[in-house]
Amino acid sequence: MYYFLKSEGVYLWDIIENGPFFPTRVIYGNQKQKPKSEWSELEKRRVALNDKAIHILFCALSRNEYNKVCMKSTAKEIWDALVVTHEGTNQVKENKMESLIYQYELF
């Protein structure tokens, strides 16, 4: 999936890893989100990458997996949910490893 997303666009994998892009500007030292009317064409294309990434992820999912993540609003949230579902958290991985070691020792 990583290489497919990278082949679709340079910034697509960045959107999945880091979250969506929102154009900002600095006002008196504070970053504020720009109104849509002030977005440049490049900024509009970068914002649309989140939707493109979501579309690609949804097309790759089975109906069952889609139902688990369809309420997520960003590609990063979808990807993180899929990672936890398929790989598990660190604690789950450690528990699986301990269980396998125990089964091996019993063998």
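**Notes on the aromatic pairs, the core and helix H6**

1. Leu5 is a good place to start: leaving aside residues up to four places away in sequence, Leu5 touches Leu12, Trp13, Ile16 and Ile56, where contact means heavy atoms within 4.5 Å. Please keep in mind that this is a predicted model, with pLDDT of at least 70 needed for local features and 80 or more for side-chain atom pairs, while totals for chains, interfaces and linings use all residues. Numbering runs from 1 along each chain as its sequence is written, and side-chain values use heavy atoms, with hydrogens and water left out.

2. Leu5 also appears in the largest nonpolar core, which has 16 residues; Leu5, Leu12, Ile16, Val69, Ala75 and Ile78 are the ones that touch the most other members. Such a core is a set of buried Ala, Val, Leu, Ile, Met, Phe, Trp, Tyr and Cys residues joined through side-chain atoms within 4.5 Å. At least two residues each come from H2, helix H3 (41-60) and helix H5 (75-86), and H3 gives the largest share, 5 residues. Helices here are DSSP runs (H or I, at least four residues), numbered from the N terminus.

3. Now to the rings. Phe, Tyr and Trp (its six-membered ring) pair if their centres lie within 6.5 Å, and planes under 30 degrees apart count as stacked, over 60 as edge-to-face and the rest as tilted. The count by this rule is 4 aromatic pairs. One of them joins Tyr2 and Trp13 edge-to-face, at 5.0 Å centre to centre and 90° between the planes. This pair links distant parts of the chain, with Tyr2 in helix H1 (residues 2-8) and Trp13 in helix H2 (residues 12-18), 11 residues apart.

4. How exposed are these two? Tyr2 is partly exposed at 33% relative accessibility, whereas Trp13 is buried at 10%; buried means under 20% relative accessible area, exposed over 50% and partly exposed in between, with a 1.4 Å probe and protein chains only. Ring pairs also join Tyr2, Tyr3, Trp13 and Trp79 into a cluster.

5. Arg46 deserves a look. Its charged end sits over the ring of Tyr11, 4.7 Å from the centre, and Arg46 also lies over the face of Phe21, 4.1 Å from the ring centre. The criterion is NZ of Lys or CZ of Arg within 6 Å of the ring centre and within 35 degrees of the ring normal.

6. Finally, helix H6 (residues 90-106) lies largely in the open, because the number of buried residues among its 17 is 0.
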